[in-house]
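User: I'd like to learn how to read a few features in this model. Could we start with how two chains meet, then move on to the surface?

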Amino acid sequence: MDAIIIETIIKAVVVLAIISALAGFGTYLERKVLAFMQRRLGPTHVGPFGLLQLAADGIKLFTKEDLIPQNANRLLFSLAPVITAATAFIALSAVPLLPEFELFGYTVKPIVADINIGVLFVIGVMGAGLYGPLLAGMSQANKWGLLGAARTTVQFLSYEVVTGLSLLAPLMIVGSLSLIDINNHQTGGLSDWILWQQPVAFVLFVIAGFAETNRTPFDLLEHEAEIVSGYVTDYSGLRWGLFFVGEYANMITIGFLASLIFLGGFNDLWFIPGWLAIILKVSFLFFFMLWTRAAWPHVRPDQLMWLCWKILMPLAIINIVITGLVMMV
Amino acid sequence: MYETIAFYLFAFLTIAMFWITVTTNNALYAMSSLAAGMIFISAFFFLLDADFLGAVQIVVYSGAVMAIYAFGMMFFDTLNEVKERNPKKVVFVLSGLIALMLVVIFVSPIISSKVQALYPMVEGVSNPKEVGIVLFTKYLVPFELAAVMLLVAMIAGIILAGKKMEKSETETEQEEEVVFEKGVEQ
């Protein structure tokens, strides 16, 4: 019993450390990739290839004055960033990050909590993460913040249905909600990927994932050109940083979910070992999110609702019905 | 031991959250503590190994309370306190009901020792499947009735909201305001 507790604590700390470091590194990658696509240089001055920009930004965030506006609700204002960051990492706890490996003769399962309804838990907790932006927007006495909070509600109520319905079809094929079972269903290499059986579900899930992680075609919550910074308008320093650690951690989680459910997970691919395969898949999906940001403009909130409720949701339901018919016949 | 600690921790947190929901005068606190309490309840399902219900609790209630926030945003200045009028009758009925419920809660362990599960857990079947087995055999009719009710509510909602869907909101804004003002005058 105690061994499990200690093992879990060690895993949790390692995941927390690595993913939050990666989230920081993600901001550097984002700036570099965007700069490359827009024919700019991006960060170059601090360190080789501007790599130490990360450290400079970190120092700046840590030492910046921590402001709480006068009329804000202090309790919820300081709680909101913690909700975003914490739920992002709680969601990651049920995701198997790598295949099992042996360390000093001890088999390590790189998953913090192996619960057999993994997918549902991850989706639910990530959804609860949107309470961060919502409370942040509502607790600051600021109209931009309130608009950001209103848009959070709109976005949450739109995409959540699509996420759930799009995942239902592949889950019907696998017959389990456990991410490890889903991964083991695709052990036969490239031709076994669920992507080939469920291309529509994959596209819908990725679109909903963009809305879930608040990425560019759907980053209504902090649309600079319209509502200043939305829910983060009044935030500064570390609290602001926590929101972005949470957002990038969510991007990584969506990357893991998409690769585990649709792209074969951490199974060996040709000569590539499983651990490298999943890292490559997640990296590609992360790059894809940045690519989309460089290529597409924002949409309006009403366009997002129109897209989610009138296009994506009917498509997802038709997909489920067809999948069900094929499985029954 | 850990389960006991977790149970008491979450029991305390849940009750504290709902206590805040009932007693506070601030709409923002009321909604936030309601959401937190709903999410803390899921911990009990996880403690009882009902993982599926726990996750469903989080998914369903985080969305449902989010809709309440939308209304709170429109109806209240959520940063200020709401002046409430608490008629004596309401307080009397509410406290009476709570007292009655407490009696039932404290008496129920005595009764529950005689209670037996009509549909005991199937061994070796995963959690969602167990829920499915009971739902689609014994409780199929209530389940379908609930589905029909939701469908009716959805169609009604679409009809209510969809009357002027073809018109653009921004173009008709001026007109609407005039109509609204006339309505107020009358």
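User: How many residues of chain A are in contact with chain B, and how many on the other side?

Analyst: Keep in mind that this is a predicted model. Here 33 residues of chain A are in contact with 29 residues of chain B.

User: And how much area do the two chains bury between them?

Analyst: Chain A and chain B bury about 2,400 Å² between them, and 79% of that is on carbon and sulfur atoms. As for polar links, the rule finds three residue pairs in polar contact across the interface, both residues being at pLDDT 80 or more, and zero salt bridges.

User: Which elements of chain A give two or more residues to the side that touches chain B?

Analyst: Those are α1, α3 (74-92), α4 (118-128), α5 (131-139) and α6 (143-174) of chain A. The largest share, seven residues, comes from α6(A).

User: Now the surface. Which residues make the nonpolar patch of about 800 Å²?

Analyst: Ile6(A), Ile10(A), Val14(A), Ile18(A), Leu22(A), Phe25(A), Leu29(A), Phe49(A) and Leu51(A) make that patch. Take Phe25(A), which lies in helix α1 (residues 2-37) of chain A.

User: Why does Phe25(A) count as partly exposed?

Analyst: Partly exposed covers the range between under 20% (buried) and over 50% (exposed). Phe25(A) has a relative accessible area of 31%, so it falls in between.

User: What about Thr63(A): buried or exposed?

Analyst: Exposed, because its relative accessibility is 61%, over the 50% cut-off. Thr63(A) sits in helix α2 (residues 53-63) of chain A. Its C-alpha atom is separated by 38 Å from that of Asp114(A), 51 residues apart along the chain.

Definitions and conventions. Residues numbered from 1 in each chain as written. Chains lettered and ligands numbered in written order. Predicted model: local features only at pLDDT ≥ 70, side-chain atom pairs only at ≥ 80, totals over all residues. Heavy atoms only, no water. Patch = residues over 30% accessible without salt bridge, like charges linked within 9 Å, V, L, I, M, F, W, Y side chains within 5 Å. Areas by Shrake-Rupley, 256 points an atom, 1.4 Å probe, with all protein chains shown as cover. Salt bridge = Lys/Arg side-chain N within 4 Å of Asp/Glu carboxyl O. Helix = DSSP H or I, 4+ residues; strand = E, 2+ residues; numbered from the N terminus. Buried < 20%, exposed > 50% of the residue type's maximum accessible area, 1.4 Å probe, protein only. Contact = heavy atoms within 4.5 Å. Buried area = accessible area lost by both parts, 1.4 Å probe. Polar contact = N/O pair within 3.5 Å; in protein donor to acceptor, adjacent residues only side chain to side chain.
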